[in-house]
There are 2 protein chains.
Amino acid sequence: MKEIHEAYAWRYATKRFDATRKLSKEQLDKLLSAAQMAPSSYGLQPFEIMVVEKDDLRKQLQEAAYGQPQLTEASHVIVFAANKKVHEALIDSFVQRVAKTRGQSTESLQDFRNMMVGSVSGKTEQERFQWAARQAYIALGFLLSTAAIEGIDACPMEGFNNAEFDKLLNLEQKGLHSVVMATVGFRSTDDKYAALSKVRKTVDELYTFYK
Amino acid sequence: MKEIHEAYAWRYATKRFDATRKLSKEQLDKLLSAAQMAPSSYGLQPFEIMVVEKDDLRKQLQEAAYGQPQLTEASHVIVFAANKKVHEALIDSFVQRVAKTRGQSTESLQDFRNMMVGSVSGKTEQERFQWAARQAYIALGFLLSTAAIEGIDACPMEGFNNAEFDKLLNLEQKGLHSVVMATVGFRSTDDKYAALSKVRKTVDELYTFYK
């Protein structure tokens, strides 16, 4: 476990992974647990996550990701897919989860349920999807920061054919749409990107303080 | 610094902060550094972050956030605002930052610049804004996960009048639109939400494995 600032300076968007190195089960579990524990609006988690190791499927995903080497060289390909329609059934299944976890009746949660349904109903389908996608990005952030602290390399990637990914992973029939992925594993010693200085806005460029 | 899984189990969306406790400068800097170091598409960071301590401004933000107590009880209010128009000027300023950081000429980065301009031009203004907002959510994820590990409480909040926040923080004239905030500080011993069991999808509900 690395010191946090050191970990965030060490991480970079890995282009070339060492294809011979795989995450241990313990390492993978830490990443998956981080994304699972990430907060989301109301706790709804309006997304699912696909974890791909299978070689032939990775080759197909690679074709749908413009041939980028990470898809086959990384240890695992982790695809985040947001719910296309955040509807009452999703909220009801969440309410049941709350009731079960906290030993409450679903009846006692009706006000909470109706508040969520009301909030969601006020949004267009497209707005709900964008909102669901943003929740998935919080989980992506948790996965990436945790990876860095655990000394695991990762590359967040948006450059792929989302519709093609949806087909390959059967997301359409689950009411999901792929939004972003993280390839994870260990950097290759050949990756020249590892040595480049990190480019970030300065504190003054990024932050405004109201004291 | 807490062990990661323990930290993520410990954190929760804090409703009531202890208004007498403030983050130290070192603690605040760790959170700001985490959001600053978070990755974004191409490294563009198409967002800015407002850090509010000022009492009267917090009261005004609270009114625009339906009176939620975190706005005045937390140590700091941190508002993420995405660029409403991701345009060539933003890309050019990024290219200059890359050139300066890595000791390259901007001329040598023309292909990279044109690739980004081409990619952005293919999107509608609304699509670009949504894409910018998602990048801000990765930074939010980094800030929240780091807070947990550092033993700092936080509450991610989307429930506020974004247009009103934009006015109060002068975001409109900077071409920004507020998308989400995190209130940060230390939980009050009175916050009954701290004791509630965390509700999360199980591994089987959240993940699909392709082995």
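Start by selecting Lys211(B), which sits in the segment after β5 (207-210) of chain B. Helices and strands here are DSSP runs, helices being H or I over at least four residues and strands E over at least two, numbered from the N terminus. Lys211(B) counts as exposed because it has 7 C-beta neighbours inside 10 Å. (For that label, the C-beta atoms are placed from the backbone; with 20 or more others within 10 Å a residue is buried, with 12 or fewer exposed, and in between partly exposed.) Now show what Lys211(B) touches: leaving out residues up to four places away in sequence, you'll find Glu53(A) and Lys54(A). A contact here means that two C-beta atoms, placed from the backbone, lie within 7 Å.

A quick word on what you have open: it is a predicted model, where local features need pLDDT of at least 70 and side-chain atom pairs count only at pLDDT 80 or more, while totals for chains, interfaces and linings use all residues. Residues are numbered from 1 along each chain as its sequence is written, and chains are lettered from A and ligands numbered from 1 in the order in which they are written.

**Stop 2: the strand pair across the chains**

Stay with β5(B) and add β1(A): these two pair in the parallel sense over four bridges. Strands count as paired if DSSP finds at least two bridges between them. Pick Val51(A), and look across to its bridge partner in β5(B), Phe209(B).

**Stop 3: the whole sheet**

Next, select five strands in the order β3(A)-β4(A)-β2(A)-β1(A)-β5(B); they form an open sheet with mixed pairing. At the edges you'll see β3 (153-157) of chain A and β5 of chain B, each pairing on one side only. From one strand to the next the twist averages 20°. (Axes are lines fitted to C-alpha atoms, for helices over the stretch in contact, and angles run from 0 to 180 degrees between N-to-C directions.)

Add helix α3 (residues 55-63) of chain A, which packs on the sheet and touches β1 and β2 of chain A as well as β5 of chain B. The direction of α3 makes about 115° with that of β1(A).

Inside the sheet, strand β2 (residues 76-83) of chain A pairs with strand β4 (residues 176-185) of chain A in the antiparallel sense over eight bridges. For one example, click His76(A) and find Val184(A) opposite in β4(A).

**Stop 4: the two chains together**

Show both chains. How many residues of chain A are in contact with chain B? There are 54, and they meet 53 residues of chain B. Several elements of chain A each supply at least two residues to this side, among them α1 (4-10), α5 (88-102) and α7 (125-149). The most comes from α7(A), with 12 residues. Colour that side of chain A by type and you get 30 nonpolar, 13 polar and 11 charged residues. (Nonpolar covers Ala, Val, Leu, Ile, Met, Phe, Trp, Tyr, Cys and Pro; charged covers Asp, Glu, Lys and Arg; the others, Gly among them, are polar.) Of the interface residues of chain A, 98% are also interface residues in chain B, so the copies meet through the same surface.

Try superposing the chains: a turn of 180° and a shift of 0.0 Å along the axis lay chain A on chain B with an RMSD of 0.0 Å. That is the relation of a two-fold axis. The superposition is by least squares on the C-alpha atoms of residues with pLDDT of at least 70 in both copies. Which residue of chain A comes closest to the rotation axis? Select Gly141(A), whose C-alpha is at 2.2 Å.

**Stop 5: two crossing helices**

Now select α2(A) and α7(A), whose axes come within 8 Å and cross at roughly 145°. On the α2(A) side, the contact residues include Leu31(A) and Ala34(A), and on the α7(A) side they include Phe142(A) and Leu143(A). This contact divides into eight nonpolar residues, one polar and one charged.

**Stop 6: two loop residues**

Go to Asn170(A), in the loop between α8 (162-168) and β4 of chain A. Its phi is near 55°, a positive value in a residue other than glycine. Most residues other than glycine have a negative phi. Is Asn170(A) buried or exposed? It counts as exposed because it has 11 C-beta neighbours inside 10 Å.

Finish at Tyr66(B), in the loop between α3 (55-63) and α4 (70-73) of chain B. Phi of Tyr66(B) is also positive, near 55°.
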